Amino acid sequence: MFPIILSFKQAYGAFIDQSLPDFLPEASTLRSIFTHHLDFNAVPRRNFFQYLRYFTEDERETEKLDDFLSPEGADELYEYTWKVKRTIKEVLTEFLQVRIPIDYIFDVFPPLRPRHFSIASSVEEHPHQVQLCVAIVKYRTKLKVPRRGVCTTYLSQLRPGDSLRIGFLKGLIHLPPDDNTPVICIGPGTGVAPMRSLIEERIHRGSRANTLYFGCRSESKDQHYAEQWRTLSDNGRLVYRTAFSRDGPEGIKRTYVQDRILEDGERIWRLVDDEKAWIYISGSSNKMPLAVKEAIAKAAQRYGGLDEEKSKDYVKGLVKQGRLLEECWS
C-alpha cells in the first residue's frame with residue numbers, strides 16, 4: 001500500500017482558504033501530518049463535536065452528538081471529555097461512522113501547540129547552553145487510562161546529537177537593580193528552574209543575599225540540584241530551606257514550603273520590610289502561590305504588628321511595587 005501524499009500548494013486549491021500550521025512542508029503524508037503537526041491526543045472542544053455531527057450519517061451517533069451539543073447537554077459533554085480527559089483519538093473510536101474529508105483535517109484537528117519551559121540556567125554560568133528542568137508527565141485518568149505527556153515523552157527519547165525546533169520568549173522575572181538587595185526564591189518541584197537561573201546570575205554578580213525555599217516529595221528522589229544548593233549554602237552564598245512532604249512519619253501533617261516560611265517568619269519580615277527584599281514564586285499555580293502569600297501576610301501580622309486586613313494589603317503592595325513576582329503554570 002502506498003502512502004497518501006498531500007500537496008499544500010495553492011494551485012491544488014483544496015487548502016487555499018485555510019490558515020495552515022507553521023513549518024508545514026509543501027508536501028507530506030497523512031501519517032507525518034498527524035505525527036508532527038496535529039494533536040489527536042488533545043481533549044476535544046465543543047466545536048470538534050460540531051464537526052463530527054456534520055460528518056456522520058449514523059442515526060445513533062447523530063442522536064448522541066445532538067445531545068452533547070444541546071444546551072441541556074453541556075454538563076454531559078463536560079463529563080464525557082474534560083472530567084475524564086478523554087482524547088480526540090478515544091472519541092473517534094466511539095464514533096466509528098464519522099468520515100472526515102481530507103480538506104477539513106486542519107479545521108477538525110487542533111495543531112500541536114508549543115510547550116513552554118522556564119530556562120534553568122544563567123548564560124553567564126553556562127555560555128552557549130540552555131538547561132531545562134523537565135518533569136516527565138505520566139498519570140492515569142479517572143477512567144484508569146494511562147497518559148503520557150506528548151512533549152515530555154518526546155524530550156525523554158532524544159539522544160545526544162538530535163535536533164529540535166525551539167524559540168525564546170521574554171520572561172516575567174527580572175532582578176533587583178541593586179545586587180545587594182536580598183532575594184527570597186520559592187520554587188518547589190520544577191518551579192526551581194527559573195530560581196536556579198536567577199540565583200546563578202546573582203552569584204555571578206557577587207551577591208550573597210540569596211534565599212531559596214525548595215519543596216518536593218522526597219529528599220532522596222526528587223530534590224533537584226541538591227548538590228549545587230548545598231555547596232552554595234556551605235560557601236555562605238545561599239540560605240537553603242527545604243520541605244519534603246512525603247518523608248515524614250505516617251499520621252504527621254505534611255510540610256510544604258509555606259510551612260517553612262511560617263517557621264522563618266521573623267527573618268522573612270526583616271528581609272522584606274527592613275531590607276526591602278524581592279520575592280519570587282515559581283511552580284504550580286494550584287494552591288502553592290496563594291499559600292505562600294498567606295504565609296508572608298502572617299509574618300507581617302506576627303512580627304510587623306499588622307492586623308489581618310493590613311497584612312493582606314501589605315502583600316498586595318509588594319506585588320504593585322514589583323517586589324513580588326510570580327512565574328506559575330497550571
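In which helix is the place of E90? E90 sits in helix α5. This is a predicted model, and E90 is a good place to enter it. At 21% relative accessibility, E90 counts as partly exposed, because buried means under 20%. Now look from E90 to Q131. The two are 41 residues apart along the chain, and their C-alpha atoms are separated by 35 Å.

Step back from α5 along the chain. The loop between α4 (74–80) and α5 (88–94) holds K85. The backbone of K85 deserves a look. Most residues other than glycine have a negative phi. K85 is not a glycine, yet its phi is positive, near 55°. With 35% relative accessibility, K85 counts as partly exposed.

Next comes helix α3, which spans residues 59–69. Which of its residues are buried? They are E61, T62, L65, F68 and L69. These five cover an arc of only 125° around the axis, so they fall on the same side of α3. The other side of α3 carries E59, R60 and E63, which are exposed. The helix therefore has a buried side and, on the other side, exposed residues.

Now turn to the sheet. It is an open sheet of 5 strands. The strand order is β7-β6-β5-β8-β9, and the pairing is parallel. Which strands stand at the edges? They are β7 (239–244) and β9 (324–329). Each has a single partner strand, so one side of each is left without a neighbour in the sheet. From one strand to the next, the twist averages 10°.

Walk across the sheet from the β7 edge. β7 pairs with β6, residues 210–216, in the parallel sense over 6 bridges. Within this pairing, L212 stands opposite Y240 in β7. L212 also helps to link β6 to the next strand. It is the bridge partner, in β6, of C185. That link belongs to the pairing of β5 with β6, which run parallel and are joined by 4 bridges.

Strand β5 covers residues 183–186. In a regular strand the side chains alternate between the two faces of the sheet. Are the faces of β5 covered or open? Both are covered. V183 and C185 lie on one side, I184 and I186 on the other, and all are buried.

Beyond β5 comes β8. The two strands run parallel, with 4 bridges between them. Here I184 stands opposite I279 in β8. How many of the 7 residues of β8 are buried? The count is 6, so β8 is mostly covered. The last step across the sheet goes from β8 to β9. These strands pair in the parallel sense over 6 bridges. G283 has C328 as its bridge partner in β9. That brings the walk to the β9 edge.

Go back to β8 and look at what comes before it. The loop between α11 (265–274) and β8 (278–284) contains E275. At 36% relative accessibility, E275 counts as partly exposed. Which distance in space separates E275 from P182? The two are 7.1 Å apart, C-alpha to C-alpha, although their positions lie 93 residues apart in sequence.

The loop between α11 and β8 also holds K276. K276 has a positive phi of about 55°, although it is not a glycine. At 44% relative accessibility, K276 counts as partly exposed. Recall K85, whose phi is near 55°.

The tour ends at a pocket. The second largest pocket has a volume of about 180 Å³. Which helices each supply at least two residues of its lining? They are α12 (288–304) and α13 (308–321). α12 gives the most, with 6 residues. The lining is made of L290, K293, E294, A297, K298, Q301, E308, S311, K312 and V315. By type, these residues divide into 5 charged, 3 nonpolar and 2 polar.

Methods. Residues are numbered from 1 along each chain as its sequence is written. This is a predicted model: local features need pLDDT of at least 70, side-chain atom pairs count only at pLDDT 80 or more; totals for chains, interfaces and linings use all residues. Side-chain values use heavy atoms; hydrogens and water are left out. On a 1 Å grid over the protein atoms alone, a cavity is a set of points where a 1.4 Å probe fits but cannot get out, and a pocket is an open set with protein on both sides within 12 Å along at least five of seven lines; lining residues have an atom within 4 Å of a point. Grid points are joined across faces, edges and corners, and a volume is the space filled by probe spheres set on the points. Ala, Val, Leu, Ile, Met, Phe, Trp, Tyr, Cys and Pro count as nonpolar, Asp, Glu, Lys and Arg as charged, and the others, Gly among them, as polar. Two strands pair if DSSP finds at least two bridges between them. Axes are lines fitted to C-alpha atoms, for helices over the stretch in contact, and angles run from 0 to 180 degrees between N-to-C directions. Buried means under 20% relative accessible area, exposed over 50%, partly exposed in between (1.4 Å probe, protein chains only). The arc is that of the directions from the helix axis to the C-beta atoms.
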